[in-house]
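Biologist: Could you walk me through this one? I'd like to go through it spot by spot.

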Amino acid sequence: MEAGAISLIPLSQLYPTTLNVRKIGGASIDELAASITAHGLIHNLVVAPGSVNGGYLVIAGERRLKALAKLQAEGALPASLVSGIPCRLVDVEEAHEASLAENIIREAMHPADEFAAFRNLVNVDELTVPEIASRFGKTEKYVEQRLRLGNVAPELLEEYKAGKANLEQMMALAIVEDHKAQREAWSQGERISYYRQPEQLRGLLVTRDVSLTSSIGAFVGVEAYEAAGGTPRRDLFSDFVTLPDSKLVRKLAKAKLEDEAAKLRKKGWGWVEAMPTFDYSERAKYRQSSSKTPSEKLGAVVTIGNGGKVEVVAGLLKPGQRAPASAAEKKPKADTRATEDFLVGVRTGLLRVHLRDNPELALTVLAASLGCSFFDIDDEACAGVLDAGVGGYARHTQEAGEKAANPHGQGMTAAWEKRLRDGAKKDGSVLAWLMKQDQNVAYDLMAFVAAGGIDTNTWRDEDEAAIHAFAVAVGADLGAGTEHITPEWLAKQPKSYILEAVTEAAGKDAAVALEKGKAKDLAAKAHELLAEKQWIPSQLRAPEPAKPKPVAKKASKKRRAAAEADPA
């Protein structure tokens, strides 16, 4: 046999040798065996004459030799190879050099090319995942992963092939099949490399999905979501799972909560509402009664609490609903909800105005809000932090009072919104625009957002001292809000409220005298009297300092001695 010639050599005459320079690496024997079964022996073996029974030493293709031996032992050697294995013969003197040349010159396929090749097998050759797995000796999951990676946007795969991206980033991008979404997520990292970390890319792509770690996601669960026809988004490269259809999740949560609400209605509550979310702004619309006993006039809200557990908030009054009068009460309180809301709005407006001018304190407020949100801390512990969360505004019936104390608030809101939208349009995103601005712009925005989230309505059942401590911190004089208690405003309030205020400010006799006067003059005269007495409504009034506890007088020596002598 001449050197360089291709000959068919029986498998029994081929032997491994130490002349083969490749010691480790390459595909597994099972994978090679599967490939040979499906495609035949694609590459010839390189052999040199040996002294073992006149056989040949395999200097290139030792793993192919083992795969062939495995197939022969299993009785699965392809018929085309039974009569002989195609081999190229080289001299013993050049065997080492030939082995080295084959392994150095051979260039491994880039993973991106493998992704594309697998997709072609599906799209062009119309092979199934099990068929591909069988032909190449891979698991079906391995094939599915390669097919998913092959669906990453072509330009991003080119970045990967050029060394400008890594495999972990491609895996993160592959969680969705939308090429536009992939490109948009990738572009976020053009200025900030942090956004190209795999976990950040994945988060950007599923930002609208419901996470199973969220309260509502944990409450509904994957099984119920799938049973309702939903398809979870599963990452083929990790245990990461989300629920893409947020409307379906909310529908399922509502239905599950309704089952719990039905049980509560049987206990005697006047009304029960099932609400998947019941945040600070929603809770502020209801008033908490001191009673926890079911009654026709009190109700409850069934919602989702920490960790996806059912939470029941009972003993509530609906917006505008009066608390049931106790036996000791002869008449309802004069103060109405609308009047109180206006004054609470004035208080809120004053605090917002002053917080906008205090970025340092605004940072503290934002930190408290983010901390409560991130750790899902209970409502009582988080009373007083941003009610609507970062970027939102709490809007209740106190709005008129807030506008009175903060007349420029709406204009500033519109101006900031336009500024941010224009900046995003110019530079691609709000963040990109903001990073180009002076740092003071970020501080001003932070203070404005923090101020917009303040809503003292959520403090309504809390210690009034906390509100005034906050007012002192931002330099706001809540008493200045009395300028909005005008004769015109008083004229719109219930007569009972006006008389109660006058009684508090000047005494019962003054209120009686005022009531006997002309009805049309009531508001004007009351305003004059209240201004004279410098009356401040409770919502704007600083709390009275706590009275010191009386110190018990020490008994005299004689009295102590008498008590000891006659203890009776």
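Biologist: Leaving aside its neighbours within four places in sequence, which residues is Thr-242 in contact with?

Modeller: Keep in mind that this is a predicted model. Thr-242 sits in strand E8, residues 241-243. Once you set aside its neighbours within four places in sequence, the contacts of Thr-242 are Val-206, Asp-209, Val-210, Pro-232 and Arg-233.

Biologist: And is Thr-242 buried or exposed?

Modeller: Buried means under 20% relative accessible area. Thr-242 has a relative accessibility of 2%, so it counts as buried.

Biologist: Which side chain does the side chain of Thr-242 join in a polar contact?

Modeller: One of the residues in contact with Thr-242 is Asp-209. The two side chains are joined by a polar contact of 2.7 Å, so to speak a handshake between Thr-242 and Asp-209.

Biologist: Let's move to the sheet. Which strands stand at its edges, and why is one side of each left without a neighbour?

Modeller: The sheet is open, with 5 strands in the order E1-E5-E3-E4-E2 and mixed pairing. Each edge strand has a single partner strand, so one side has no neighbour in the sheet; these are E1 (6-9) and E2 (14-16).

Biologist: In what sense do E3 and E4 pair?

Modeller: In general, strands of a sheet pair through backbone hydrogen bonds, either parallel or antiparallel. Here Val-46 stands opposite Ala-60 in E4. E3 (residues 45-49) and E4 (residues 56-60) have 4 bridges between them, and the sense is antiparallel.

Biologist: Now the inside. Which helix gives the most to the largest nonpolar core?

Modeller: That core has 34 residues, and those touching the most other members include Leu-351, Phe-470 and Trp-489. Several helices each supply at least two residues, among them H16 (337-356), H17 (359-375) and H24 (495-506). The top contributor, with 6 residues, is H16.

Biologist: How do the axes of H24 and H25 cross?

Modeller: The axes come within 7 Å, at roughly 145 degrees. On the H24 side the contact includes Leu-499 and Val-502, and on the H25 side it includes Ala-511 and Leu-514. As for the hand of the crossing, it is right-handed.

Biologist: Which residues of helix H7 are buried?

Modeller: H7 covers residues 140-149. Its buried residues have cover that includes H5 (111-123), H6 (129-136), H8 (154-161) and H9 (167-173). The buried ones are Tyr-142, Val-143, Gln-145, Arg-146, Leu-147 and Leu-149.

Biologist: What phi does Gln-534 have?

Modeller: Most residues other than glycine have a negative phi. Gln-534 lies in the loop between H26 and H27 (557-565), and it is exposed, with a relative accessible area of 67%. Although Gln-534 is not a glycine, its phi is positive, about 55 degrees.

Biologist: Last one: how far apart in space are Gly-270 and Glu-296, C-alpha to C-alpha?

Modeller: Gly-270 is in the loop between H14 (246-265) and strand E9 (271-274), and it is partly exposed, at 42% relative accessible area. Beyond its neighbours within four places in sequence, Gly-270 is in contact with Ser-295, Glu-296 and Leu-298. Gly-270 and Glu-296 are 26 residues apart in sequence, while their C-alpha atoms are separated in space by 3.8 Å.

Definitions and conventions: Residues numbered from 1 in each chain as written. Predicted model: local features only at pLDDT ≥ 70, side-chain atom pairs only at ≥ 80, totals over all residues. Heavy atoms only, no water. Core = buried A, V, L, I, M, F, W, Y, C linked by side-chain atoms within 4.5 Å. Buried < 20%, exposed > 50% of the residue type's maximum accessible area, 1.4 Å probe, protein only. Contact = heavy atoms within 4.5 Å. Pairing = 2+ DSSP bridges. Polar contact = N/O pair within 3.5 Å; in protein donor to acceptor, adjacent residues only side chain to side chain. Axes fitted to C-alpha atoms, helices over the stretch in contact; angles between N-to-C directions. Left-handed = near helix turned anticlockwise from the far one by under 90°.
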